[in-house]
Amino acid sequence: MRERVRWSDVDKMDIVYYGRYLRFIEAAESEFFRALGFPYGRVSDELGVWIARVKLELTFKAPARLDDEVLCRAELLRIGGSSMTFAFPIDRADGTRLADGGLVLATLDRRTLRATRVPAPLRAALEAP
């Protein structure tokens, strides 16, 4: 995912406010699932699960500033029974590492909101080479 730092992303010091990095992670995550053929609407409507965020880690390396081009990748590290663990390296277009993100997602049954196994069609897409 490529995105420019917008005016609404920066704080009084003219650098990206720490919470706005979640916008980059969210966009990369959404595009990852869309590229697999499983945009979130399909996951919930056809597979009957919600994808919940259960753990987030973010380590900051360098500041990003207004109008910087930011690249964020979603990298699947592990698939568990009901979870998926991702890394989200966030770089400036010049190659400078801005932050390292980590996210654990869990599949929840839409009716009970309890953890449930990653549905077979989604698992197959995630495990495909």
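**Figure 1. Long-range contacts in the overall fold.** Of the contacts in the protein between residues at least 6 apart in sequence, 61% join residues at least 24 apart. The model is predicted. Its secondary structure comes to three helices and six strands. From the N terminus on, the order of elements is β-α-α-β-β-β-β-β-α. The C-alpha trace spans about 45 × 30 × 20 Å along its principal axes. The protein has 129 residues, and buried residues make up 40% of them.

**Figure 2. Glu29 and its surroundings.** Glu29 sits in helix H1, which covers residues 21-35. The relative accessible area of Glu29 is 3%. Glu29 counts as buried because this value falls under 20%. Its side chain makes a polar contact with the side chain of Tyr40, at 2.2 Å. Leaving aside residues up to four places away in sequence, Glu29 touches Tyr40, Arg53, Ala74, Phe88, Leu103 and Leu105. Tyr40 is thus named twice for Glu29: as a polar-contact partner and as a residue that Glu29 touches.

**Figure 3. The largest pocket.** The space in this pocket comes to about 160 Å³. Its lining consists of Leu22, Ile25, Glu26, Glu29, Ser30, Tyr40, Arg53, Val54, Lys55, Leu56 and Leu103. Helix H1 gives the largest share of the lining, five residues. H1 and strand E2 (49-60) each supply at least two lining residues. By class, six lining residues are nonpolar, one is polar and four are charged. Glu29 belongs to this lining and is buried. Tyr40, Arg53 and Leu103 are also among the lining residues, and Glu29 touches each of these three.

**Figure 4. Salt bridge between Glu3 and Arg23.** The structure holds 19 salt bridges. One of them joins the side chains of Glu3 and Arg23, at 3.6 Å from N to O. This pair links distant parts of the chain, 20 residues apart. Glu3 is in strand E1 (residues 2-4), and Arg23 is in helix H1. Arg23 has a relative accessibility of 22% and counts as partly exposed. The reason is the cut-off: buried means under 20%, so Arg23 falls outside that class.

**Figure 5. Salt bridge between Asp9 and Arg20.** The side chains of Asp9 and Arg20 meet in a salt bridge of 2.9 Å, N to O. Both residues lie in the loop between E1 and H1, eleven residues apart. The pair links distant parts of the chain. Is Asp9 buried or exposed? Asp9 is buried, at 0% relative accessibility. Its partner Arg20 is partly exposed, at 26%.

**Figure 6. Salt bridge between Arg110 and Asp45.** Arg110 forms a salt bridge with Asp45, and the closest N and O atoms are 3.5 Å apart. The two residues are 65 residues apart and link distant parts of the chain. Arg110 is in the loop between strand E6 (97-109) and helix H3 (120-127). Asp45 is in helix H2 (residues 40-47). At 35% relative accessibility, Arg110 is partly exposed. Asp45 is exposed, with a relative accessible area of 62%. Asp45 earns that label because exposed means over 50%.

**Figure 7. A salt-bridge network.** Which residues are joined into one network by salt bridges that share partners? They are Lys61, Arg73, Glu75, Asp91, Arg97 and Asp100.

**Figure 8. Positive phi at Asp14 and Asp67.** Most residues other than glycine have a negative phi. Asp14 is not a glycine, yet its phi is positive, about 70°. Asp14 is placed in the loop between E1 and H1. At 35% relative accessibility, Asp14 is partly exposed. Asp67 is not a glycine either, and its phi is positive at about 75°. Asp67 lies in the loop between E2 and strand E3 (69-72).

How values were computed. Residues are numbered from 1 along each chain as its sequence is written. This is a predicted model: local features need pLDDT of at least 70, side-chain atom pairs count only at pLDDT 80 or more; totals for chains, interfaces and linings use all residues. Side-chain values use heavy atoms; hydrogens and water are left out. Helices (H or I, at least four residues) and strands (E, at least two) are DSSP runs, numbered from the N terminus. Buried means under 20% relative accessible area, exposed over 50%, partly exposed in between (1.4 Å probe, protein chains only). A polar contact is a pair of N or O atoms within 3.5 Å; within protein, one must be able to donate a hydrogen and the other to accept it, and residues adjacent in sequence count only if both atoms are side-chain atoms. Contact means heavy atoms within 4.5 Å. A salt bridge is a side-chain nitrogen of Lys or Arg within 4 Å of a carboxyl oxygen of Asp or Glu. On a 1 Å grid over the protein atoms alone, a cavity is a set of points where a 1.4 Å probe fits but cannot get out, and a pocket is an open set with protein on both sides within 12 Å along at least five of seven lines; lining residues have an atom within 4 Å of a point. Grid points are joined across faces, edges and corners, and a volume is the space filled by probe spheres set on the points. Ala, Val, Leu, Ile, Met, Phe, Trp, Tyr, Cys and Pro count as nonpolar, Asp, Glu, Lys and Arg as charged, and the others, Gly among them, as polar.
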